[in-house]
Each structure stands twice: as structure tokens, then as C-alpha cells.
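Q: I am in my first year and would like a careful, close look at one part of this protein, namely its largest pocket. Which residues and which parts of the chain line the largest pocket, and how is the protein around it built?

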Amino acid sequence: MASDPRPFKIPQSVLVVIHTPALDVLLIRRAHAGNFWQSVTGSKDHEDETFAQTAVREVQEETGIGCDVGTLTDWGIENVYDIYPRWLHRYAPGVTRNTEHVFGLRVPEGTPVRLNPREHTEWRWLPWRAAADACFSPSNAEAILLLPQFAQ
């Protein structure tokens with residue numbers, strides 16, 4: 001009996017707002033999703049992976065940035081939202097909502113970005129308000145708008 005090579009996604013994820021001390025925010029454009037600009041996001045790989053471990057792994061995988069070059073901060077915010085219908089098949093039957101834990105990562109100006117081309121096609125740094133306006137996801141935009149109070 002063959003097993004499914006892709007296990008169901010865990011409905012617990014992270015959102016990491018990567019920013020400079022000047023509050024410029026890194027946005028990355030998703031491959032195969034039109035004009036979908038976002039911060040780093042990703043689901044836990046396994047149940048015992050902490051949200052902080054997920055954040056460090058996802059930042060490295062998606063941008064090539066090691067969190068040790070900056071300061072990773074748990075903002076203590078969780079967003080719970082409905083999973084987009086087109087992505088429900090990735091989750092176990094009956095799973096319809098995801099919990100997203102928010103972090104900030106302050107990095108030095110000029111930190112190099114190396115995208116994973118399977119996931120993202122472009123990157124850009126924008127001032128925080130412009131970055132919030134450019135985001136596809138409402139929870140991502142809301143997190144970026146909170147940046148000035150968490151970046152202290």
C-alpha cells in the first residue's frame with residue numbers, strides 16, 4: 001500500500017515581518033499567484049516544531065536570510081482565519097481554519113536576499129506604510145501597520 005508522499009499541512013503557521021531599523025519592509029512575490037506580495041509565511045513542519053523554530057526555518061528557506069544576522073521578536077499576536085478554498089486540499093479533511101503566529105525580524109540595511117525560485121519570483125524593500133498597502137493578505141497588512149510599535 002503506497003503512502004501519500006505529501007502529508008497534510010499543519011494548520012499552524014508563522015508570519016515574519018522582516019524590516020530594517022528605518023522600518024523598510026521586505027516583501028516577496030509568490031510564484032504562480034499573480035500579484036501576490038507578502039512577508040515570509042509558512043506552516044510548521046511537525047507538531048513539536050515551535051513557532052520560533054518555524055519562523056527561523058521559513059525565513060532561511062524563503063529569503064536566504066539567517067535570523068542570526070538580526071533580531072527575531074515574537075510579537076505575541078495570533079491571527080485565526082479561514083483557509084482559502086483553493087488551498088483546502090492541502091489540509092486534513094474538515095480543517096478549514098489556520099492559526100498564524102506573528103514575528104518581526106529586524107535586519108541591517110542592505111541585508112542580501114536570495115529567494116527560493118520555486119516559491120517566490122521577486123523581492124523589494126518598501127517603507128512600512130507602502131508595504132502594508134502592497135500586501136495581498138489583510139492579516140499581513142495589519143501586522144505591518146503595527147511595526148512602529150513593535151520595532152522599538
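A: What follows begins with the whole protein, turns to the pocket, and ends with two pairs of strands.

Please keep in mind throughout that this is a predicted model, and that every value below was computed from it. The protein has four helices and seven strands, and if you read along the sequence you meet them in the pattern β-β-β-β-α-β-β-β-α-α-α. The radius of gyration of the protein is 15 Å, close to the 15 Å that the globule rule gives for 152 residues, so the protein is as compact as a globular protein of that length. Taken along the principal axes, the box filled by its C-alpha atoms is roughly 55 × 30 × 25 Å. Of the 152 residues, 45% count as buried, where buried means a relative accessible area under 20%. Among the contacts with a separation of 6 or more, 69% are made by residues 24 or more positions apart.

With that picture in mind, we can turn to the largest pocket, whose volume is about 1200 Å³. Its lining is made of 42 residues, and those that lie nearest its centre are Lys-9, Arg-30, Ser-43, Arg-90 and Tyr-91. When the lining is sorted by class, it has 15 nonpolar, 12 polar and 15 charged residues. Several elements take part in it, for at least two lining residues are supplied by each of strand S1 (12-19), strand S4 (40-43), helix H1 (51-63), strand S6 (97-106) and helix H3 (138-145). Of these, H1 gives the largest share of the lining, which amounts to four residues.

One of the residues nearest the pocket centre, Arg-30, also belongs to strand S2, which covers residues 24-30, and this gives us a reason to look at the partners of that strand. S2 pairs with strand S7 (residues 120-127) in the antiparallel sense over seven bridges, and within this pair Asp-24 stands opposite Pro-127 of S7. S2 also pairs with strand S3 (residues 37-38), again in the antiparallel sense, over two bridges, and here the bridge partner of Ile-28 is Gln-38 in S3. S2 and S3 form a hairpin with six residues between the strands, and in this hairpin His-32 takes a positive phi near 60 degrees.

Terms used: Residues numbered from 1 in each chain as written. Predicted model: local features only at pLDDT ≥ 70, side-chain atom pairs only at ≥ 80, totals over all residues. Heavy atoms only, no water. 1 Å grid on protein atoms, 1.4 Å probe; cavity = no way out; pocket = protein on both sides within 12 Å on 5 of 7 lines; lining within 4 Å. Points joined across faces, edges and corners; volume = space filled by probe spheres on them. Nonpolar A, V, L, I, M, F, W, Y, C, P; charged D, E, K, R; others polar. Pairing = 2+ DSSP bridges. Rg over C-alpha atoms; globule rule 2.2 N^0.38 Å. Buried < 20%, exposed > 50% of the residue type's maximum accessible area, 1.4 Å probe, protein only. Contact = heavy atoms within 4.5 Å.
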